[in-house]
Amino acid sequence: MPRTTMHVCSQCGFQSAQWHGQCPGCEAWNTLVEEPLGPRSVDGRPGAGRAGRRGSARGLASTGASLVARPLREVGAAPISRMATGIGELDRVLGGGLVPGSLVLLGGSPGIGKSTITNMVLGNLQRAGHRTLYVSGEESAEQVRLRAERLAPGALEVPVLAETDLEMVLDVLAAQAPHACVIDSVQTLHARELSGAPGSVGQVREVAGRIMELAKARGVAVILVGHVTKDGALAGPRVLEHLVDCVLQFEGERERPYRELRALKNRFGSTNEAGLFEMRQGGLVEVLDASARFVAEATRAPGSVVLAAMEGSRPLLVEVQALVAPSELEQPRRVVSGIDRNRLALVLAILSRHGRVSTAGSDVFVNVVGGVRVDEPGCDLAVALAVASASRGVPIEARPPAHRPAPRACFGELGLTGELRWVGHPERRLEEAVRHGCSGVIAPKDSGGDAFEAGTLLEALAEALPSQERRPARAA
Ligand code: TYD
Ligand code: MG
């Protein structure tokens, strides 16, 4: 009897006839899921004729006889035309706007604002004279309308299709030939020929694959909205990330107003860019003066320091706060928000070994204010200074100390031997800090400008918390 199912790894897409507890492809455990094989294509090859379809979509001769590889020089490359989405931060993250025929995967946890931003994008495009289509598999057309009423005027002009059947969606897409289309979400559509539930590995891959063919053939810019699992990975197969041209991640905490949009992959631009938004009554609003806001809000209390961070190619000043309190637990708590937990563990170890600041027996909480995430090594020094200041109960010394014009800023990576290491773009970080009134920025050596350059953690601590030398250390 011919085989009708296949085991597919939901992490890496590895396929095997047999089930394995551990995926032979990526060595992840319990990730192989049984999936039905797609229908056979005309020539009898299994796999839903994937290769054949893709070939025809790109207009290649199927015989292969006329195919000749050409030097890149001779390949005609039309300049990429882009559609501006009308949202500056999003355009910047995309690399200048939506590219016709491209697939963008937009991930993020529920309630973060994926539907809101995609509604806004289509509204803006519609107003600019483009044809658009919003496919909603999650909400009814009425629900989509209710949201659109809260957004800018153009949002109500967007044609909406509430449908979960892939064939129907593809038919409408082909018939209406929009310039830009949103599928909200890719996990809710299902292909009839596969029996797996919507959102299963096979379904998601099939849905994305079929939509991609149509998008490439007709030059439709498609935004696929995707769910994110509890640990932050895009739900569904990793292959989806390989398939699309651009992967955007919407981050932030639902309860906080700030939202960050990052590019994890971008075939038409840089992956370093990040955009900052705020959720308001009228939808998502770009935050352009984030540094000014965070600096103004900085408390300057013990445990608070300003970090001159880099968000891609853009500097951003954020406040890092720490709280160190005696613990009643056998294993003291280490709670972080906005930085990596392992980074805190590392910084605490370096602080205790090379900075004479011990947090053993204390709970340590570190928070990047505003729900912003700083994923870069340059945050080490800020975390160390915030923890040291909290642990001593002494605020970071401002410069000049007399009239305390602005809080003290810092940046730098900590090495395992207690040295302060150089991090990228020191000049942009310093410029941003100075622009917002922070002088005497504590920075690694060779940072330039009028920064206070420290070679080691100890030197930085002595500069930021000089009074700690005089005071007896508090019992932690
Ligand atoms: P939504 O875009 O539906 O999130 P997702 O599609 O990622 O699940 O937006 C979720 C939240 O945003 C919701 O709790 C309501 C809030 N919101 C506003 O605060 N203002 C607005 O103008 C809109 C449209 C939504
Ligand atoms: Mg939604």
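This is a short dialogue on helix packing, ligand contacts and backbone features in a predicted model.

Student: Why is H9 called oblique to H10?

Tutor: Take the angle. Helix H9 (residues 341–354) and helix H10 (residues 380–392) pack at about 60°, with their axes 10 Å apart. Roughly parallel needs an angle under 35 degrees, and roughly perpendicular needs 65 to 115. The angle of about 60° fits neither, so H9 is oblique to H10.

Student: What is the hand of the crossing of H9 and H10, and which residues make the contact?

Tutor: The crossing is right-handed. H9 brings Arg343, Leu344, Val347, Leu348 and Leu351. H10 brings Asp380, Val383, Ala384, Val387 and Ala388.

Student: What makes up the contact of H9 with H10, by residue class?

Tutor: Eight residues are nonpolar, two are charged and none is polar. Leu and Val count as nonpolar, while Arg and Asp count as charged. The charged pair is therefore Arg343 of H9 and Asp380 of H10.

Student: Why are H3 and H4 called roughly perpendicular?

Tutor: The axes of helix H3 (residues 114–127) and helix H4 (residues 141–150) cross at roughly 70°. They come within 10 Å. Roughly perpendicular covers 65 to 115 degrees. The value of roughly 70° falls in that range, so H3 and H4 are roughly perpendicular to each other.

Student: Which residues meet there, and how do they divide?

Tutor: Ser115, Thr116 and Asn119 in H3 meet Val144, Arg147 and Ala148 in H4. Two are nonpolar, three are polar and one is charged.

Student: How do you know how H5 lies relative to H6?

Tutor: Again, use the angle. The axes of helix H5 (residues 166–176) and H6 cross at roughly 10° and come within 11 Å. Angles under 35 degrees count as roughly parallel, so H5 is roughly parallel to H6.

Student: Which side chains and classes appear in the contact of H5 with H6?

Tutor: From H5 come Leu166, Glu167, Leu170, Leu173 and Ala174. From H6 come Glu206, Val207, Arg210, Ile211, Leu214 and Arg218. Seven of these residues are nonpolar, four are charged and none is polar.

Student: How many residues surround ligand 1, and which are the closest?

Tutor: There are 16 around ligand 1. The closest are Ser115, Thr116, Arg280, Gln281 and Gly283. Ser115 and Thr116 also belong to the H3 side of the contact with H4.

Student: What makes the approach of Arg280 to ligand 1 a polar contact?

Tutor: A backbone N or O atom of Arg280 lies 2.6 Å from a nitrogen atom of ligand 1. The cut-off is a pair of N or O atoms within 3.5 Å, so this pair qualifies. Lys114 has a backbone N or O atom 2.8 Å from an oxygen atom of the ligand. For Ile112, a polar backbone atom is 3.4 Å from a ligand oxygen.

Student: Why is the peptide bond from Asp184 to Ser185 called cis?

Tutor: Its omega is near 0°. Ser185 lies in the loop between strand S7 (180–184) and helix H6 (201–218).

Student: What makes the phi of Glu27 worth a look?

Tutor: Its phi is positive, about 65°, although Glu27 is not a glycine. Glu27 sits in the loop between strand S2 (15–16) and strand S3 (32–36).

Notes: Residues numbered from 1 in each chain as written. Chains lettered and ligands numbered in written order. Predicted model: local features only at pLDDT ≥ 70, side-chain atom pairs only at ≥ 80, totals over all residues. Heavy atoms only, no water. Axes fitted to C-alpha atoms, helices over the stretch in contact; angles between N-to-C directions. Helix = DSSP H or I, 4+ residues; strand = E, 2+ residues; numbered from the N terminus. Parallel < 35°, antiparallel > 145°, perpendicular 65-115°, else oblique. Left-handed = near helix turned anticlockwise from the far one by under 90°. Contact = heavy atoms within 4.5 Å. Near = heavy atom within 4 Å. Polar contact = N/O pair within 3.5 Å; in protein donor to acceptor, adjacent residues only side chain to side chain.
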